[in-house]
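Student: I have a model open and would like to learn how to read its chain contacts and helix packing. Could you walk me through it?

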There are 4 protein chains.
Amino acid sequence: MIYFNNDYSEGCHPAVLRKLVNTNLEQTPGYGMDHYCAEAAAHIRRLCENDALDVHFLVGGTQTNLVVIDAALRPHQAALGAVSAHINVHETGAVEATGHKVLSVSSDDGKITAQQITEAAVSHRSDEAFEHISQPKMVYISNPTELGTIYTLQELEEISAACRDNGMYLFLDGARLGYGLTAQGNDVTLADLARLCDVFYIGGTKVGALFGEAVVFSNHAISEDFRYLMKQHGGMLAKGRLLGVQFCALMENGLYFEMGKHANRLADQIRDTLKSLGYSLLVPGVTNQVFAILPDALLEELAKRFSFTEQCRVNDRHRAVRFCTSWASTQANVDALCDELVRLSK
Amino acid sequence: MIYFNNDYSEGCHPAVLRKLVNTNLEQTPGYGMDHYCAEAAAHIRRLCENDALDVHFLVGGTQTNLVVIDAALRPHQAALGAVSAHINVHETGAVEATGHKVLSVSSDDGKITAQQITEAAVSHRSDEAFEHISQPKMVYISNPTELGTIYTLQELEEISAACRDNGMYLFLDGARLGYGLTAQGNDVTLADLARLCDVFYIGGTKVGALFGEAVVFSNHAISEDFRYLMKQHGGMLAKGRLLGVQFCALMENGLYFEMGKHANRLADQIRDTLKSLGYSLLVPGVTNQVFAILPDALLEELAKRFSFTEQCRVNDRHRAVRFCTSWASTQANVDALCDELVRLSK
Amino acid sequence: MIYFNNDYSEGCHPAVLRKLVNTNLEQTPGYGMDHYCAEAAAHIRRLCENDALDVHFLVGGTQTNLVVIDAALRPHQAALGAVSAHINVHETGAVEATGHKVLSVSSDDGKITAQQITEAAVSHRSDEAFEHISQPKMVYISNPTELGTIYTLQELEEISAACRDNGMYLFLDGARLGYGLTAQGNDVTLADLARLCDVFYIGGTKVGALFGEAVVFSNHAISEDFRYLMKQHGGMLAKGRLLGVQFCALMENGLYFEMGKHANRLADQIRDTLKSLGYSLLVPGVTNQVFAILPDALLEELAKRFSFTEQCRVNDRHRAVRFCTSWASTQANVDALCDELVRLSK
Amino acid sequence: MIYFNNDYSEGCHPAVLRKLVNTNLEQTPGYGMDHYCAEAAAHIRRLCENDALDVHFLVGGTQTNLVVIDAALRPHQAALGAVSAHINVHETGAVEATGHKVLSVSSDDGKITAQQITEAAVSHRSDEAFEHISQPKMVYISNPTELGTIYTLQELEEISAACRDNGMYLFLDGARLGYGLTAQGNDVTLADLARLCDVFYIGGTKVGALFGEAVVFSNHAISEDFRYLMKQHGGMLAKGRLLGVQFCALMENGLYFEMGKHANRLADQIRDTLKSLGYSLLVPGVTNQVFAILPDALLEELAKRFSFTEQCRVNDRHRAVRFCTSWASTQANVDALCDELVRLSK
């Protein structure tokens, strides 16, 4: 069985593991106060071209989302995202468990627009009973989105401006950021994100680390006392240096971006094969997630040798499935998948 | 200016006030342990034809919703309601502030169906990642709904069965229950509600009391230790007897239902006038809220003498507005409104 | 049986009730947007000699404590009070239910000192692991305290300075403020409180209203968006005018202070009688609560005609009990209590 | 500089690391549904001599404490522990952030007694205003305690009985359990803990793992739906197999207990040296934490070559410090510390 289920099936990239092994017996202070965390933060500031950024390391994506949102918002304030946003549908109400409502706007491709943000803000302010409604204060977007689509620089500039104009924070979930920043057609850089977002994170868990997300704040008002909140929510790792060591390995020599390119190239190969066979994609993604619409009969055969995830039923005889590549995917396995798609389509 | 804005513009029905005045200097224990609360609870048990019900008194609707839901649910569990449910859109995230997500299903008329409940439950259980999604555990409905519509006994029987079959609690918000139980075509009784719901409440604030909601539990598992939760959420009134006294006045001689009938009759008169003039209703309500679709020009004139609330724009030249009657509305004022509607429609 | 159990056994002062009756059928906007709330706030600003104060009305003390504290603090911040503080021991964890820890310092008489505040702040900042400890950010005091003692102006000046110097908010719970400001030896005014506290409240529930607490903010940073928080926590009364009407009645002609003096004078009479009979007080109170240490045998006899509350056991043969007077206590009943104390002590 | 600061200064035991390296590229399902987690759970059930235990793996101690307590308690219920309990003083209010108060009882040595538990329960139930007070429902103890002391089997039997008799859950924090179960004089086994506690955990972070705590539930009522709560609180590791792999390495060949013995033996050597030099211990510990009372002058000298943590000042010229050994401490370093203590004491 060859797995294309997700991008967290293996441990970590060998170079990351090597650095963990090499530093294993060194003694360091706990809780992220070690020199590896400091170095990793410095790498990130350099890549973001901004020396004033606050950088903190957390273990996973849901944890990061809930700690950041809870740090930023007062009790009556809400996060606003796409109806398909991870915080809205796949985190067991983690944000609500900190007391904050998640407000949603419609989205077909996982993205939201500056106009939707402005409309939500104006609609809130102009409601006679606005104090009876959760106040939209933080915009949550992910890049790539849940559906593997990415924002253009122009879109992010507009979203950022809409947030600023309406007194809202912009928070970008970058759980798969490595795949987004290296996708074909991407024109966004880390420096852009640092400039346009109040806070964003660089995902390690899904891009080659054992675990870890690097949270980057350009807005110091919401990062004030952030370590208290990390601790309070159980997100301050005792051996915090594990996060620092891993992010050093990811960031010091461009490994993070190499892995992104590798996975995207293999996903492009799958997309090209599907197109050449006449199949449609559910959304026109450019990153490591391929959402393909395929006949039930073909999928039944395909599942005998390949593992993938179900997305949704499209019609009586077709459904959408997801093939996910990663830093760990091999050319041989992707070739095998493409060959099998060709064979089953004859 | 004549007001049809809402059903809480005045103080309370004179009979309620009289009882408050007459009992004012009596000394009683605090926090709802007085004999008036006991009597009021006994009246309600009698009307519900069930001696085993737990009855508690709270001050307002939002407070009642959040305390009941927090008492019933474990942290990962959610309340499921119509997208227009009061807890979803008009309580500033009060339920989320207790840590629980509000899940919603679509609804045009404020009502939801047994089928929607079953689908939500089945969809949750059958999701591969169900533990990553808030668990729908309590169904929240209101009767009348936000749009003044009411459930039939048949619908409630089906909803109750769907809840039972799927291990969910049924909670009915009766903030305007007095108007619902006395509406034309209603076939539901308090005894039905006590039989079909795990918990429901009889609203006083909008039906003739200064304030107060009587919460009725048939499911003792969720009412266990309820008074602790009332206190914790700031909902245990020091002079709790004020709630007992008022609900005695409402319940002991049928006053609650008389007031409901009075308001509904006046609302029916408005509806009949609108229909005779060829205007549509946004929803075909039968209770004290009338949602009328009227021309902008007419509304502009009408607003010179009458006050009402905006609901939504319907098209370029029409919008929907709400006229709300109550126990305090007078025949003369309703006649004046109807006459003016006729005059402006010529 | 004559009751000295507490100061919330009756309804409200006849003058308050009269105003409720006289305004009952007037139509007003809901949720505290009516002219009575505006007038009551104006009275309070005038008495506080500060036109810039934000004034809001809530229903009860626990509700007020939890909404104010939740409005003021970020998630990792705590309220600091006496170990006997109401929020620490008698509100079923209401503050914790909003996510905030209550930190406590020792106190024999219900009061805390500027030095204790400074020590707590310094101790926190100087702890190596300070981020692992809740941050003391708001000082909570009550005046009168749980034990009926009051702060001097000098003490409040020092406490306020200690808070300012350490970046902490000062919040004064005035659930029984009317009894404190009119006590013998008191040198504190409403204007002092408005000047020295970030927020405080004027209690109505225990001083002659049916219910109601008037929250007064001099610090606008923590009152920003306060009405959202009131709504979110179920503390925004639909018929908010009931609070405005009552506080007008309390404040417009000095009624609030007359009631305080009345109750204190009767409590002084009880204290004088106890002293003349050679009994001790648990604490040397000056307000409407008398904490007397009396022999078990005497208390057994006394309980046959008088009702009071148990405080604590003092030794094998004595315990402390509380006699509470109020605006509603009569001279005749207090004379009867004092006579009986004399008779049983012979 | 030689470090005796804590037991989480290094990475993990080489055998644990080896297993992580060897399994790194294996593909497994995420979120703890892999076969390593299943195997590790089976090892733990075997060692606990109970096939029916629910075992879950979390990342760190604070996270474990907050998720377990939140899973077990209804909103008005509190955890009861020693005043020095980690959840009370060193987790930034993590438990309160889930809405629950932490109640405390006095303790000199970090331990609490069955009698204290019973007294707390009886005191709560017998309070007239019990519904105004957080309900003590779960007893939280740690073994070893914060001060390195351990419970005897007899003490745990009594505590467990006191909990059962009063309807309370017993939760044992075993962040350093490996050091406790292998200490001189210990007579408690894993099987005892599984029998006596409703839930406890086996700490990995401080005993040789990179991170990880194994939570063991014998009470299925509180473990129901536990994975939802893990996810909701950001505690469900995407690559959950990292926890399974590590706990397999710790448990499959007795490594966990070997490491405990090693650290305790070295700590005993330090204790013996201190005693032979006439110094006192702050508490008579038997595990890997040594709390020594030493002269300021000696500590000043000692700090030039050795790193340790400050505990508290004892008198004008002495203070208590902590030396902490671990699985990673070497005989040579402990010899060096003991020699220096001897040298500086001449």
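Student: How many residues do chain D and chain C each bring to their contact?

Tutor: Two residues are in contact if their C-beta atoms, placed from the backbone, lie within 7 Å. Here 18 residues come from chain D and 18 residues from chain C. The side of chain D that touches chain C holds six nonpolar, eight polar and four charged residues; Ala, Val, Leu, Ile, Met, Phe, Trp, Tyr, Cys and Pro count as nonpolar, Asp, Glu, Lys and Arg as charged, and the others, Gly among them, as polar. This is a predicted model: local features need pLDDT of at least 70, side-chain atom pairs count only at pLDDT 80 or more, and totals for chains, interfaces and linings use all residues. Residues are numbered from 1 along each chain as its sequence is written, while chains are lettered from A and ligands numbered from 1 in the order written.

Student: How many residues does the contact of chain D with chain A take from each?

Tutor: It takes 41 residues from chain D and 40 residues from chain A. On chain D's side, 18 are nonpolar, 18 polar and five charged.

Student: And how do I read a helix pair, say H6(B) and H7(B)?

Tutor: Two packed helices are described by the angle between their axes and the distance between the axes. Helix H6 (residues 114–126) and helix H7 (residues 153–165) of chain B (DSSP runs of H or I, at least four residues, numbered from the N terminus) pack at about 15°, with axes 8 Å apart. Axes are lines fitted to C-alpha atoms over the stretch in contact, and angles run from 0 to 180 degrees between N-to-C directions. H6(B) and H7(B) are therefore roughly parallel, the word for angles under 35 degrees.

Conventions
Helix = DSSP H or I, 4+ residues; strand = E, 2+ residues; numbered from the N terminus. Parallel < 35°, antiparallel > 145°, perpendicular 65-115°, else oblique.
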